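Here are some exercises to work through with the model open beside you. Try each task on your own, then read the solution.

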Amino acid sequence: MHTVSVLAFDGMAPFELGAVIEVFGLPRPELGIVPWYDLRVCAAEPGPLRTVGGLSLTVRHGLDDFASADTVMVVGVPDIRADVPPDVVTALRTARTRGARLVSICSGAFALAAAGLLDGREATTHWQYADVLRRRYPAVQVNPDVLYVDGDDLLTSAGSAAGLDLCLHLVRKDHGARVANAVARRLVIPPHREGGQAQFVEAAVSEPASDSVSRAMTWALDHLAEPITVAALAREAHLSARTFIRHFNRQTGTSPLRWVVSQRLLASLPLLEDGILPIEEVGAAVGFDSPATFRHHFTRAMRTSPSAYRRTFHR
């Protein structure tokens, strides 16, 4: 089994830790024979820890177990302006020397940076912490505009909820899009969010999608292979095109056609992994009007080409 370790600390907020446990620690009998992960929650000093909100947890595993896992995760640091404890730095460097995959969520990037693991590499963190990370560790190429950065063996994510995006991305890398989509459905979250954290910096939290917008989105998912226009979506929502665009933008944070493109890209992933359809036909099967258009959108969103994705994930 692929082992995953995650570092807990006294006084931490439990959300990021809970996200890791939900994705990697929860049994997945619905996936059949897919080998799931062996999760270890670790601490610098095993024993009882307090969390924000008055909760407490007892951690059995120490830093030796933390450093020995296949995937080593840091979901935050107690203080972004304080030094990371030397024993944690040593554990991270040990894991790196062993060839482990290292992952940070939110302020956890400060721990990877303190260990020198992000020097000369692109990384992200919560947008509120990006300037501090850049000042404290100038050798790190801080990108504050993305939800996560996949550096293959070093992966970093933005703020709390972006940790879920990165966890699903790890599942996709390990088990493919079908399994990642199944986990996302159980979590009731999208398997892949397009865009970056910049859209959340100034914007208010989106309203729940209205029945009219939800109806149009459901119709679009059933007709991805067909031409889809804003006018058609508006008809399904029983709204004028102008009103529909305004409601859709406010409730989803993106435009209707950009959302359609992202759904078509998600639908293309299992087809690429199956390896049955030629790549030139995959785009058409999910509604792109030409192979060139499919390649353009796929490369921009996934940071790789459809053919490279197939070579990596074909099963």
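**Exercise 1. A serine and its distant neighbours**

Find what Ser212 touches beyond its neighbours in sequence, and decide whether Ser212 is buried or exposed.

Step 1: Skip the residues within four places in sequence, and Ser212 is in contact with Ala237 and Leu239. Contact here means heavy atoms within 4.5 Å.

Step 2: Ser212 sits in helix α9, residues 211-222. Helices (H or I, at least four residues) and strands (E, at least two) are DSSP runs, numbered from the N terminus.

Step 3: With a relative accessible area of 15%, Ser212 is buried. Buried means under 20% relative accessible area, exposed over 50%, and partly exposed in between (1.4 Å probe, protein chains only).

A quick note before you go on: this is a predicted model, where local features need pLDDT of at least 70 and side-chain atom pairs count only at pLDDT 80 or more, while totals for chains, interfaces and linings use all residues. Residues are numbered from 1 along each chain as its sequence is written, and side-chain values use heavy atoms, with hydrogens and water left out.

**Exercise 2. Lay out the sheet**

Work out the order of the strands in the open sheet, and say which strands stand at the edges.

Step 1: The sheet has 6 strands in the order β2-β1-β5-β6-β10-β9, with mixed pairing. Two strands pair if DSSP finds at least two bridges between them.

Step 2: β2 and β9 (148-150) are at the edges; each has a single partner strand, so one side of each has no neighbour in the sheet.

Step 3: On average, neighbouring strands are turned by 15° against each other, direction ignored. For such angles, axes are lines fitted to C-alpha atoms (for helices, over the stretch in contact), and angles run from 0 to 180 degrees between N-to-C directions.

Step 4: Now add helices. α1 lies across β1, β2 and β5, running at about 155° to β2. α6 also packs on the sheet, where it touches β5, β6, β9 and β10, and its direction makes about 150° with that of β10.

**Exercise 3. Zoom in on β6**

Describe the partners of strand β6 and what happens on its two faces.

Step 1: β5 (residues 71-74) runs parallel to β6, and 4 bridges join them. Val72 stands opposite Leu102 in β6.

Step 2: β10 (residues 154-157) also runs parallel to β6, joined to it by 3 bridges. Here Val103 stands opposite Leu155.

Step 3: Both faces of β6 (residues 101-104) are covered: Arg101 and Val103 are buried on one side, Leu102 and Ser104 on the other.

Step 4: Trace the chain and you'll see that β5, helix α3 (residues 86-98) and β6 make a right-handed β-α-β unit. Right-handed means that, with the strands pointing away from the viewer, the path from the first strand over the helix to the second runs clockwise.

**Exercise 4. Helix α6 and the core**

Which element supplies the largest share of the largest nonpolar core, and how many residues of that element are buried?

Step 1: The largest nonpolar core has 40 residues, and those with the most contacts inside it are Val6, Val20, Phe24, Met73, Val171 and Val183. A nonpolar core is a set of buried Ala, Val, Leu, Ile, Met, Phe, Trp, Tyr and Cys residues joined through side-chain atoms within 4.5 Å.

Step 2: The largest share of this core, 7 residues, comes from α6.

Step 3: In α6, 12 of the 14 residues are buried, so the helix is largely enclosed by the rest of the structure.

Step 4: Take Val171 as a sample. Leaving out residues up to four places away in sequence, its contacts include Phe24, Trp36, Tyr37 and Val183.

Step 5: Right after α6 comes Gly176, with a positive phi near 95°.

**Exercise 5. Two unusual residues**

Cys106 and His238 have a positive phi although neither is a glycine. Where does each one lie, and is each buried or exposed?

Step 1: Cys106, with a phi of about 55°, is in the loop between β6 and α4 (109-114). Its relative accessibility is 7%, so Cys106 counts as buried.

Step 2: His238, with a phi of about 60°, lies in the loop between α10 (230-237) and α11 (241-252). Its relative accessibility is 64%, so His238 counts as exposed.
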